[in-house]
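Trainee: I would like to go through this model with you, one contact at a time. Where should we begin?

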Amino acid sequence: MSRRPMASRVTRGTVLVAAVSALVLAGAAGVTARILWQAEQRQELSDEADALVGAIGREEREEGLPPEEAAPEAVRESTPAGARVEVWSGRRLLGAAGNGPVIGRGEGEGDASAAWIVHRRPLAHGLLLVVAAPAVDGRRALRVFAFSLLCASPVCLGVALWVGRAVARRATRPLIDLQERLRDLGGLEPLPAAEEDDAPAEVASLEEAFRALWARLAEMVRRERAFAANASHELRLPLARLRLLAERARAGAAPDAGAALDAQVAEVDRLVRVVESLLVLARDTSAGIPRGEAVNVADVARRVAARVLDGAGECVSPDEAVVRGDEDLIEIAVQNLLENARKFATGSEPVRAVLSDGAGRVRLEVTTPGARIAAAQRERLFDRFYRAPEVRAQSDGHGLGLALARHVARLHGGDVRCVSGDAEDARFALDLPAWRADPSTAG
């Protein structure tokens with residue numbers, strides 16, 4: 001299906017509006033002209049009737065004639081040119097003047113007033129004065145008027161076509177400019193500014209929205225490229241170790257073959273954890289957890305703390321703090337937070353995990369004693385595979401723990417944030433929406 005340019009559509013619309021407007025204007029002008037002409041004719045007939053009444057009165061006074069004789073006499077002497085005048089007494093025509101058929105009283109059969117503009121004036125003694133003018137003159141003038149409008153229509157449409165094209169070009173120029181700038185882009189480079197700053201508000205809003213979308217896409221691509229590069233690096237290292245350990249174990253005669261196999265199993269486990277983390281991170285946070293179950297985060301926190309901290313920390317929690325979601329994923333998030341705290345804790349202070357439930361939220365705060373996080377590092381810590389330079393030198397890891405914990409939280413409609421200050425022990429908070437049973441379904 002071919003698509004017409006917007007300029008062509010605007011031009012067609014302008015011409016169509018002009019054509020319809022011309023037809024409506026012609027019709028309205030014709031009807032209005034006819035109404036005004038008829039009103040003027042009736043007023044002229046009324047004035048002529050007034051003059052005839054005065055003439056009849058003079059005939060009565062000057063000639064001493066009765067009304068039945070004075071009226072026909074005045075009509076014959078004072079009838080204006082082009083008009084038809086009749087005097088009736090009941091159903092009897094007393095006198096008439098002017099060319100044309102009998103107009104009649106307008107009551108009976110044979111009335112010819114349909115082709116005339118008629119004014120009827122009752123007189124004394126039961127007389128009726130009829131003054132009429134032919135309507136054909138006005139209709140002829142209206143036909144000339146309508147024919148003039150019809151002849152002028154092509155000129156109007158031509159002007160409308162020319163104006164429509166000019167308006168369409170001007171109206172679509174900002175869109176065409178935006179299209180050309182988009183076509184000239186290479187990759188995700190920034191959109192250049194327009195040459196002229198006179199774009200309509202709608203086009204400017206469209207360009208602003210596109211720039212925002214373009215920036216989000218560029219940031220997303222940058223993150224995905226960094227993620228792919230980091231993932232490749234993190235996966236390449238354990239695979240190289242696995243190959244080395246496998247070659248050692250294959251030697252068989254080496255005295256440390258058993259230790260090599262144990263190290264190989266550990267590397268396989270580490271690689272499996274990385275792959276599982278990547279699978280979780282690949283889930284779309286906007287989809288959430290479609291069919292979540294009721295999960296008691298208090299039980300999860302106590303269970304994970306006993307396994308990870310092993311007496312080297314404390315976990316304070318209520319008996320119950322329920323959310324809706326996936327218990328295995330929530331356990332991964334809690335475990336990553338506690339393992340991160342245990343790994344980087346210094347000094348004699350224990351790792352502290354505090355779970356609270358209130359205001360419709362379940363919150364787990366994990367404090368790492370002795371660790372400090374600068375403000376510039378707080379968000380970068382949640383980037384996938386990111387590890388600060390000093391951390392790389394201190395401990396092993398793949399930099400997915402905090403990123404995975406935040407991703408799991410966002411899958412459940414929550415978040416993980418660093419809530420400590422520069423001079424405070426590092427403190428991370430896992431925040432999830434609490435689950436409440438629907439009272440209508442209880443009992």
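Mentor: Begin with a helix pair, and keep in mind that this is a predicted model. Val-300, Ala-301, Arg-303, Val-304, Ala-305, Arg-307 and Val-308 in α6 are in contact with Glu-327, Glu-331, Val-334, Gln-335, Leu-338, Glu-339 and Arg-342 in α7.

Trainee: How many charged residues does the contact of α6 with α7 have?

Mentor: The α6 side includes Arg-303 and Arg-307, and the α7 side includes Glu-327, Glu-331, Glu-339 and Arg-342. Sorted by class, the contact of α6 with α7 has seven nonpolar residues, one polar residue and, for the class you asked about, six charged residues.

Trainee: Is α6 oblique or parallel to α7?

Mentor: The axes of α6 (residues 297-308) and α7 come within 9 Å and cross at roughly 40 degrees. Angles under 35 degrees would count as roughly parallel. The crossing angle therefore makes α6, relative to α7, oblique.

Trainee: In which hand does α6 pass α7, right-handed or left-handed?

Mentor: The answer concerns the pair whose axes cross at roughly 40 degrees. The crossing of α6 past α7 is right-handed.

Trainee: And in which hand does α7 pass α9, right-handed or left-handed?

Mentor: Helix α7 (residues 327-344) packs with helix α9 (residues 401-411) at an angle of about 145 degrees, their axes 8 Å apart. The crossing of α7 past α9 is left-handed.

Trainee: How many charged residues are in the contact of α7 with α9?

Mentor: From α7 the contact includes Leu-329, Ile-330 and Asn-336, and from α9 it includes Gly-401, Leu-402 and Val-408. By class, the contact of α7 with α9 has 10 nonpolar residues and three polar ones, and the number of charged residues is no more than none: no charged residues.

Trainee: How far apart are the end C-alpha atoms of helix α2?

Mentor: Helix α2 (residues 67-78) has 12 residues, so at 1.5 Å a residue the expected span is 16 Å. Its buried residues include Pro-67, Ala-70 and Val-75. The distance between its end C-alpha atoms agrees with the expected span, at 16 Å.

Trainee: Is His-125 buried or exposed?

Mentor: His-125 lies in the loop between β3 (116-122) and β4 (127-134), and has a positive phi of about 65 degrees although it is not a glycine. Most residues other than glycine have a negative phi. Exposed means over 50% relative accessible area. With a relative accessible area of 59%, His-125 is therefore exposed.

Terms used
Residues numbered from 1 in each chain as written. Predicted model: local features only at pLDDT ≥ 70, side-chain atom pairs only at ≥ 80, totals over all residues. Heavy atoms only, no water. Axes fitted to C-alpha atoms, helices over the stretch in contact; angles between N-to-C directions. Helix = DSSP H or I, 4+ residues; strand = E, 2+ residues; numbered from the N terminus. Left-handed = near helix turned anticlockwise from the far one by under 90°. Contact = heavy atoms within 4.5 Å. Nonpolar A, V, L, I, M, F, W, Y, C, P; charged D, E, K, R; others polar. Expected span 1.5 Å × (residues − 1). Buried < 20%, exposed > 50% of the residue type's maximum accessible area, 1.4 Å probe, protein only. Parallel < 35°, antiparallel > 145°, perpendicular 65-115°, else oblique.
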